[in-house]
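Hi everyone, thanks for coming. Today I'd like to walk you through a structure that may be new to you, so please have a look at it before I begin.

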Amino acid sequence: LERRDRPGFIAGFQSGFVELQLDPLTIRPITDPEPEYPGNRMNDAKADRFGRIWAGTMDCDVRHASGALYRLDPDLRVTRLDSGYLVTNGPAFSVTHDCVYHTDTGRSVVYRFELTSSGELGDKTPFITFPAEWGQPDGMTVEVAHDTSVFIQASIDSVFHTIGEAVLLVVIIVFLFLRNVRATLIPVVT
């Protein structure tokens, strides 16, 4: 994930979180959140509106449910929030930022957690369980549904307003040029 306040990125490797710069190429380890699981690697990640990075880990061979969900705070402190995942994916945040969704692709389940502004999680509840015919859930994004008709109507109103201003401007220019009201109205009406 690209950084807003400094050059470079925060990346997830098999060895954990790192600071990554491309020019010149520099990789500086931040922390390995799972030294006890050398066969795990980082997987999907997202940043929340507070600058915290949420990322999951998974067993590279997808044999053990050793994956976990982590939060990397702006001060580079790492917190393990949940564990027991086969393949972590997501996370995604609700529009109001009061819940986070996180996926265990290996189990075909998207979970939902209540979320506090300080980044603490509430209870973990299954949000969607994918039946086999749906395939498996992967990374995700939350989109805001909106009524485009409101914007279209506002655009149409703006066009009519602009046309009215243009007609008025043409009438004023013709009047200034001809200096006669009757001579001005004849071309405008016809």
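**A short tour of the model**

Let me start at a small spot in the backbone: L76 sits in the loop between β6 (67-72) and β7. Please keep in mind throughout that this is a predicted model. What is unusual about the backbone at L76? Its phi is positive, about 70°, although L76 is not a glycine. As for the surface, L76 counts as partly exposed because its relative accessibility is 26%, and partly exposed is the range between under 20% for buried and over 50% for exposed.

There is a second residue of this kind. S108 also is not a glycine, and it has a positive phi of about 60°. You can find S108 in the loop between β9 and β10. Is S108 buried or exposed? With a relative accessible area of 12%, S108 is buried. R107 is in the loop between β9 and β10 too, and at 39% relative accessibility R107 counts as partly exposed. From R107 to Q136 we count 29 residues along the sequence, while their C-alpha atoms are 8.2 Å apart in space.

While we are on the backbone, let me show you two cis peptide bonds. One runs from D23 to P24, with omega near 0°, and P24 belongs to the loop between β2 (16-22) and β3 (25-31). Another goes from G90 to P91, where omega is near -5°. P91 is placed in strand β8 (residues 88-93).

Now to the charged side chains. How many salt bridges does the structure hold? The count is 12. Let me pick out a few of them.

R52 and D48 are joined by a salt bridge, at 2.7 Å from N to O, and both of these residues are buried. Compare that with D61 and R63: their side chains meet in a salt bridge at 3.2 Å, N to O, and here D61 and R63 are both exposed.

Then there is the salt bridge between K124 and D82, whose closest N and O atoms are 2.9 Å apart. This pair links distant parts of the chain, since K124 is in strand β11 and D82 is in strand β7 (residues 78-85), 42 residues apart. The two partners differ in their cover: K124 is partly exposed at 33% relative accessibility, whereas D82, at 16%, counts as buried.

Which residues are linked in a network of salt bridges? They are R71, D73, D75, R77 and E120.

Next, let's look at the empty spaces. In the largest pocket there is about 340 Å³ of space. Its lining is made of 16 residues, with R3, R4, D5, G51 and I53 lying nearest the centre. Sorted by class, that lining has eight charged, seven nonpolar and one polar residue.

The second largest pocket has about 150 Å³ of space. It is lined by 13 residues, and those closest to its centre are Y101, V110, F127, I128 and M140. Two elements, β9 (99-104) and β11 (121-129), each give two or more residues to this lining. Here the classes come out as nine nonpolar, three polar and one charged.

There is also one cavity of 30 Å³ or more. The largest cavity has about 40 Å³ of space. Among the residues that line it are F13, Q14, D32, P33 and T57. Strand β4 (residues 40-47) gives the largest share of that lining, three residues. Five of the lining residues are polar, three are nonpolar and three are charged.

My last stop is the surface. I152, I156, V159, F160, I163 and V167 make up a nonpolar patch there, and together they have about 560 Å² of accessible area. One of them, I156, is part of helix α1 (residues 148-178), and with 37% relative accessibility I156 counts as partly exposed.

For a sense of distance, take R49, in the loop between β4 and β5 (53-59). R49 counts as exposed, at 54% relative accessibility. Measuring C-alpha to C-alpha in the model, R49 and I152 lie 30 Å apart in space, with their positions 103 residues apart in sequence.

That's my tour, and thank you for listening!

Conventions
Residues numbered from 1 in each chain as written. Predicted model: local features only at pLDDT ≥ 70, side-chain atom pairs only at ≥ 80, totals over all residues. Heavy atoms only, no water. 1 Å grid on protein atoms, 1.4 Å probe; cavity = no way out; pocket = protein on both sides within 12 Å on 5 of 7 lines; lining within 4 Å. Points joined across faces, edges and corners; volume = space filled by probe spheres on them. Nonpolar A, V, L, I, M, F, W, Y, C, P; charged D, E, K, R; others polar. Helix = DSSP H or I, 4+ residues; strand = E, 2+ residues; numbered from the N terminus. Patch = residues over 30% accessible without salt bridge, like charges linked within 9 Å, V, L, I, M, F, W, Y side chains within 5 Å. Areas by Shrake-Rupley, 256 points an atom, 1.4 Å probe, with all protein chains shown as cover. Salt bridge = Lys/Arg side-chain N within 4 Å of Asp/Glu carboxyl O. Buried < 20%, exposed > 50% of the residue type's maximum accessible area, 1.4 Å probe, protein only.
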